[in-house]
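Mentor: Bring me the labels that puzzle you. We will hold each one against its definition and see whether it earns its name.

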Amino acid sequence: MADITQDSIKSTIRDAVAHQIRSVMDWHYGEPVYEGDPADDLSGLQGLRELVARQHWANFQLWHVEDRARRKDVDARVIADCKYAIDKLNQKRNDLIERVDECLISMMEPLLPSEAPERYNTETAGAALDRLSIQALKIYHMKEQCSRKDVDEDHIRQCDNKVGVLKRQHNDLERAILELIDEYFAGTKKPKVYFQFKMYNDPKLNPELYGNKK
């Protein structure tokens, strides 16, 4: 097992983020290796890497179902099926964000200063990695617009400008995550996971589900 250090954690995050960018293209030409649910005992640097990749795969699927749900030329049943798929994928996406945070914190906690003050970010590292996943998808699909042959030059120019902005946003957010890890190790704040308690898919919490039982 690789030694877990501040540098190795940051290196794994960089690698996971680079994989998000690469895999968007790869997955458009072939299926990924992530079948079924992740193992319950994923941990350490490799576990973190796999969980970030699986979370990205959920976003990849979600992106394309969301696109399909906007069609106006299909039967209403197709749109309903998209809605069910979106709900399921959103639940998986959020579950994996929490798994990423749990894995990351379990690695860091034994190494962090014990007297860090109670200061927290508005989002966790896992949530920020989710945003990077979406940025990777935006960059790929905006670049795709720049290669279209059925649009005018103004469309291509606007999309190309947006690609530049998206790349800058991506770089800034990646740097912010790495700086957050540094802040944890410096003891200026401490990591913490708040579970989101999603209600809409829970038959005990969604009134449209428990209120309409026969």
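Trainee: Which element gives the largest share of the lining of the second largest pocket?

Mentor: That is α3, with 7 residues. Keep in mind that this is a predicted model, where local features need pLDDT of at least 70, side-chain atom pairs count only at pLDDT 80 or more, and totals for chains, interfaces and linings use all residues. Residues are numbered from 1 along each chain as its sequence is written, and side-chain values use heavy atoms, leaving out hydrogens and water.

Trainee: What makes this space a pocket, and how much of it is there?

Mentor: On a 1 Å grid over the protein atoms alone, a 1.4 Å probe tests the space, and a pocket is an open set of points with protein on both sides within 12 Å along at least five of seven lines. Here the space comes to about 260 Å³, a volume being what is filled by probe spheres set on points joined across faces, edges and corners. Its lining has 16 residues, with G36, D37, P38, K92 and L96 closest to the centre. To be in the lining, a residue needs an atom within 4 Å of a point. The elements giving two or more residues are α2 (44–69) and α3.

Trainee: Why does G36 count as polar?

Mentor: Ala, Val, Leu, Ile, Met, Phe, Trp, Tyr, Cys and Pro are nonpolar, Asp, Glu, Lys and Arg are charged, and the others, Gly among them, are polar, so G36 is polar by rule. The whole lining divides into 6 nonpolar, 3 polar and 7 charged residues.

Trainee: What is the make-up of the largest pocket's lining?

Mentor: There the classes are 11 nonpolar, 4 polar and 5 charged. That pocket has a volume of about 300 Å³. Of its 20 lining residues, D101, E123, T124, K192 and Y194 lie nearest the centre. Two or more residues come from α3 (76–108) and from α4 (125–146), and α3 gives the most, with 6.

Trainee: How many helices and strands does the chain have?

Mentor: It has 6 helices and 0 strands, counting DSSP runs of H or I with at least four residues as helices and runs of E with at least two as strands.

Trainee: Why is α1 called roughly antiparallel to α5?

Mentor: The axes of α1 (residues 6–29) and α5 (residues 153–186) come within 10 Å and cross at roughly 160°. That makes the pair roughly antiparallel, because the label applies over 145 degrees, while under 35 is roughly parallel, 65 to 115 roughly perpendicular and the rest oblique. The axes are lines fitted to C-alpha atoms over the stretch in contact, with angles from 0 to 180 degrees between N-to-C directions. Contact means heavy atoms within 4.5 Å, and the residues making this one include I9, I13 and V17 of α1 and I177, L178 and F185 of α5. By class they divide into 8 nonpolar, 2 polar and 4 charged.

Trainee: And what makes α2 oblique to α4?

Mentor: Their axes come within 9 Å and cross at roughly 50°. That value falls in none of the other angle ranges, so α2 is oblique to α4. The crossing is right-handed, meaning that the near helix is turned clockwise from the far one by less than a right angle, whereas anticlockwise would be left-handed. Among the contact residues are F60 and W63 of α2 and L129 and L137 of α4.
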